[in-house]
Structure formats: C-alpha cells, structure tokens
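Here is a friendly walk through one protein chain. Please keep the sequence and the 3D view open as you read.

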Amino acid sequence: MNHTNVKIPSDDEIQRPLIERSARYSRRNPVLWLAISFSIVFSALILGCSSEAEAEEPIVSDPTGLERVTQTLVAPPFLPAHNQIASEEPKVVQVRLVVEEKLTEIAPDGTKIWALTFNGSVPGPMIVVHQYDFVELTLVNPATNQLQHNIDLHAATGALGGGELTLVNPGEEVVFRFQAVKAGVFVYHCAPGGVMIPFHVVSGMNGAIMVLPRDGLKDAQGEQVTYDRAYYIGEQDYYIPQDENGDYKEYESPAAALGDTIEAMKTLTPTHVVFNGAVGALTGDSALTANVGEKVLLIHSQANRDSRPHLIGGHGDLVWRGGSFTDAPATNLETWFVPGGSAVAALYEFKQPGLYVYLSHNLIEAILLGAALHINVEGDWDNNLMEQISPPGPIN
Ligand SMILES: [Cu+2]
C-alpha cells in the first residue's frame, strides 16, 4: 500500500478537536460530570430504553487528563477482568499487543500454518472497555518477525480504523489512541495493504473488542441485564495449500506460504473452519464450563466470512444482532447470524446440565471442518423441561 499520499495527522491535530469539545465535559468539573451521569441514568429510567440515552451528546473528555489503567489481556476464550457497569468517568485503557508469527498446529492430524497472531493466540485477545473510554494501544512488531503489520479496529473512528497510524515494520512499535464512541462488540484485524490484508486475516490475525454501555447491558425491555460468565469465541477460516496427493503443505516461513495460500484463498473454500485457532480447541478438557442458572455471554467473531452459530439444546435468550449494544437485543433465537467482519453477542441462561455443543449451523463446516465447541454445564436436571418417557425398546 502506498502511504506517501495519506496525510497522517500530528498528535496535536488529533488532540485539538477532542480538547475543544472537552470544554463542556471536563473531568475537572465533578459537579457537571455528576449532572451528566444523572441525566443519562434518568433518561434511561424515564424512557426505559438505552437507545434514548445513547442519543445524548457523546461524552468527550480530554484524554490526557483522565485516569489511566492498564488492562492485562488474556488468551481467548477468556476475557480480561472488567466491571460490567462503569462507576466512574471514562478512563484511558492501555493495552499491549505483540505480533507473533508462529508455526502452529491447527488440527489433530498435525496440519500446520504460519499463524500471524496478536499476542500469540488465534483469535487475538478480547479487549473490554466502556463506551467513551479511550483505548491506548501499543502494537509491537518484534525484530524476529518477517512481515509488516498493523491494526484496523472496527470500534475506532477514522484513518482506516487505525490501520494508517499503526503500520509497523519488524523491530518497531507504535502507540495509538482512539475513543470507543460506539457501544457493542467489534472485530479488529491486521490490514497491512493489498493481498496481505486477507492473507493476514485468514492466517489468524484478528480479534475483538467489547465496548460496554457505561450503565451496562439492557434486555429487550430496556431493563439492566448482567452476565455471570463471558466467553469469546473467534471463528477462523483457514486455507491450507495441498500437494498433488491432497496432503497439507508446510512452509519454512509465512512469506514462503504466501503464493500457494493466495491460490487456495481464491477458491473461497476453506480447508478448516475452527473456533479459537484449531480443530477441537475448545472441546474435552478445554471445553467451556457453566452452571445451571448462570447467564453466559457468548461473543462470537468472524473477521472474514459469514457464520451462523447455534447452541444445541439451548437458545439465544438475548442476541445483540450485528454486535450493537445500542439497539435492543433480539430474543429467543434458535440460530443467529454473524456477518463476516463482525462480532455478535448472545446471552443464554442455562436451564439443564449436560455437555452442550455450540457450533456453526452450517453442519458441514461444524462436523467436517471443525467449527464446534463444547460447554460442560453442571446442575440439576429438570424433568419438566425434558424427559425420556420410555427408553428405546422393541416396537410394540
Ligand atoms: Cu499482520
């Protein structure tokens, strides 16, 4: 990509409009801040609808004056420690993503890919902030890597979602800040230009960020709803080149894999579709866990391709279609849709114990290509909800 004719704003230029707007909403005026908070809560109570509160003037502060916190990112399917409801004014949340190019096994048969990763995992770690927080992201590209990388965050506004301001060569790091003005779950991914964009994304270089409303999630009636657990499921389509015998090929480096992989990608037919990086990554001992009576938030991202998750034996009690927390969630869905390039959140309260399968309800992709995981749920069985009246036996 030619970056020479793209004007990259100076730090001063980035800050100026924020500082100008901050005159009204400065943290240095706690009384005003309290009044704003009250007006949002009051609107939500009166109107019973978060979207009305969202229609308020955006809260913009001078980010340089705000409290700074560091978020320790963790590998999916887990989320970093976070509060569901923000009790204070917006913060500057510092996160660090280190790019790792690593030969990674993606299936039990030993198939390997040069995974291009944020922090070593496919998908990259979930970032969690609240609406109007500032995310200050350090992107590190160690000298041991071969390729140029960057990050395009769908939660960010302007400059290719950060892609123009974050391009780093091996041996460089960059610090980048954006304000999370939209509430929802959003994909982020590497987008270094040209064919490298899909190549990096289908090599694993994508993740998600959750931007919670400051006063938490709301159900379809606008009532506050909280979750007991949250898991992040990143769906990944891989296109592994095959030799003349149909065996998957292995390469010396990501650059060596590029040509053949591009040809495999052009078929638009993935060889693997997996959750969290590898076939069976979240099954057996690595299955997700929950208890009967717990509300579990499942955040599902797909950076490149459409998907249709389904929880066998359960439902999407609340599904934030398209990932937006500003809109009221859909209710009681059997299967929901994740458009390629997005993340979607679904909440389910488990009613029965057992080993649940959560999969793509393209069942070919689920069973033959890998898009399935297990959730091990403990608790008491409710015969009223389901019971075998008589066991299998001879036909009368
Ligand atoms: Cu990259």
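The report below goes from the whole chain to its sheets, its core and one loop residue.

## The chain as a whole

This is a predicted model, in which local features need pLDDT of at least 70, side-chain atom pairs count only at pLDDT 80 or more, and totals for chains, interfaces and linings use all residues. Residues are numbered from 1 along each chain as its sequence is written.

The chain has six helices and 21 strands. Both are DSSP runs numbered from the N terminus: helices are H or I with at least four residues, strands are E with at least two. Of the 396 residues, 43% are buried. A residue is buried if 20 or more other C-beta atoms lie within 10 Å of its own, exposed if 12 or fewer, and partly exposed in between, with C-beta atoms placed from the backbone.

Contacts reach across the sequence too: among those with a separation of 6 or more, 75% join residues 24 or more positions apart. Two residues are in contact if their C-beta atoms, placed from the backbone, lie within 7 Å.

## Two open sheets

One open sheet has four strands in the order β4-β9-β8-β6, with mixed pairing. Its edge strands are β4 (127-130) and β6 (152-153), each pairing on one side only. Two strands pair if DSSP finds at least two bridges between them. β6 runs antiparallel to β8 (residues 184-189), with two bridges, and Leu-153 stands opposite Tyr-188 in β8.

Another open sheet of four strands follows the order β14-β21-β20-β16, again with mixed pairing. β14 (288-291) and β16 (309-311) each have a single partner strand, so one side of each has no neighbour in the sheet. The twist averages 25° from one strand to the next; axes are lines fitted to C-alpha atoms, for helices over the stretch in contact, and angles run from 0 to 180 degrees between N-to-C directions.

Within this sheet, β16 is joined to antiparallel β20 (residues 354-360) by three bridges. His-310 has Leu-359 as its bridge partner in β20, while Pro-309 has Ser-360. On to β21 (residues 372-378): six bridges link this strand to β20, again antiparallel, and Leu-355 stands opposite Asn-376.

## The nonpolar core

The largest nonpolar core holds 97 residues, and Phe-186, Ala-208, Ile-209 and Ile-299 have the most contacts inside it. Such a core is a set of buried Ala, Val, Leu, Ile, Met, Phe, Trp, Tyr and Cys residues joined through C-beta atoms within 7 Å. Strand β19 (residues 342-349) gives the most to this core, with six residues. Leaving out residues up to four places away in sequence, Ala-208 touches several others, including Phe-186, Tyr-232, Ile-299 and Ala-343.

## Strand β12 and its partners

Nine of the 10 residues of β12 (residues 229-238) are buried. Seven bridges join β12 to β15 in parallel, with Tyr-231 opposite Leu-298. β12 also pairs with β13 (residues 272-275), antiparallel and through four bridges; here Tyr-238 stands opposite His-272.

## A loop residue to look up

Where is Glu-294 found? This residue sits in the loop between β14 and β15 (295-302). Glu-294 counts as partly exposed because it has 16 C-beta neighbours inside 10 Å.

Its C-alpha is 5.4 Å from that of Glu-349, although the two are 55 residues apart in sequence. Beyond neighbours within four places in sequence, Glu-294 is in contact with Asp-228, Arg-229, Glu-349 and Phe-350.
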